[in-house]
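Dear colleague,

I am handing over the structure below, and I would ask you to keep it open while you read my notes on its aromatic rings.

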Amino acid sequence: MSRVAVVTGSNKGIGLEVVRQLCSKFHGLVYLTARDEERGRKAVQELEKEGLKPCFHQLDIDDQKSIEKLRDFLQEKHGGLDLLVNNAAIAYKAASTAPFGEQAENTIRVNYFGTLNVCKELFPLLRPHARVVNLTSYAGFLRNIPDEGLKTTLASPDLTVEKLSSLMEDFVKRAKEGKHGEGGWPNSCYVVSKVGVSALSRIQQREFLQDSRVDLVVNHVHPGYVDTDMTSHKGPLTVQQGLIPFIILLGETISRIRGAVSSVYAALLPPNIEEPKGAYIWHDKQIVDWVNGPLPSAH
């Protein structure tokens, strides 16, 4: 039986690069997914021109029926899943004139609840030794939450999915009322959504450790500030450049890590590893303490 990988939101940007690399490095079938079937199949055709053989399935993480269709397809066609990369997300541009409350509602619904819903439907399909990669961001670093009490709650080893989801809903409610700052939240919907994804990842790993299926591992990764549509092409790095440069001091050359390093690294972790599990992985594969860690030198 073939091993199976799914990458959400992967018709362009980092997701597409992850699919490209997995097609060469993952021993199994790799599914590129996209909301728009035409764009998704076009992306598959482009990879086929490179000699790669990705599969395609439509997926809109903001559509429960779409998620369920993918779940049923994977169950009927393959009987399970071995790798899930949760890449799909949205981000409002800085120049957006949409009301903050509207931005909060849409961003949290897609980035947090959409990811959560994908996990709820696909996690039962995970086979022993499966890997899950949740793309977060520098924005998802806990230190970006200004309120100490809120940070303590989000970092708690007793935090549940239900409590976390309630906190995400509280942010949206307060954002609509213009009172999110009073609740200890930052002025960034994207930050809150990605902190939510990171906190969710930690909960999921705790649950995996109690699962009867052996060696289930989830990590949350920061890919770096990349030249993609999501960053309005302001990121300094191409998706092929490992997503962040190391600047060698004293005038030496800037070297760039190739590939979607943190995502592919987490996706291909070998069987029965001790670490990383539930970890916050920086763009260069550095494990960062999500709760108390210092800010690495390069975002």
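Y31 is buried, with a relative accessible area of 4%, which falls under the 20% that serves as the limit for that word. Please bear in mind that this is a predicted model. F73, by contrast, counts as partly exposed, since its relative accessibility is 25%.

These two residues belong to one of the nine aromatic pairs that were counted. The ring centres of Y31 and F73 lie 5.7 Å apart and their planes stand at 80 degrees, so the pair is edge-to-face, given that an angle over 60 degrees is what that term requires. Because Y31 belongs to strand β2 (residues 29-34) and F73 to helix α3 (residues 64-78), their pairing ties together parts that are 42 residues apart in sequence.

A second edge-to-face pair is formed by Y138 and W282, with 6.3 Å from centre to centre and 90 degrees between the planes. Distant parts of the chain are linked here too, as Y138 sits in the loop between β5 (126-135) and α5 (148-155), while W282 sits in the loop between β9 (280-281) and β10 (287-288), 144 residues apart. Y138 counts as partly exposed at 24% relative accessibility, whereas W282, at 0%, counts as buried.

Both residues also belong to one aromatic cluster, which is formed by Y138, F141, Y280 and W282. Over the ring of F141 sits the charged end of R143, at 5.7 Å from the ring centre.

With best wishes

Note on methods. Residues numbered from 1 in each chain as written. Predicted model: local features only at pLDDT ≥ 70, side-chain atom pairs only at ≥ 80, totals over all residues. Heavy atoms only, no water. Phe/Tyr/Trp six-rings, centres within 6.5 Å; stacked < 30°, edge-to-face > 60°. Helix = DSSP H or I, 4+ residues; strand = E, 2+ residues; numbered from the N terminus. Buried < 20%, exposed > 50% of the residue type's maximum accessible area, 1.4 Å probe, protein only. Lys NZ or Arg CZ within 6 Å of the ring centre and 35° of its normal.
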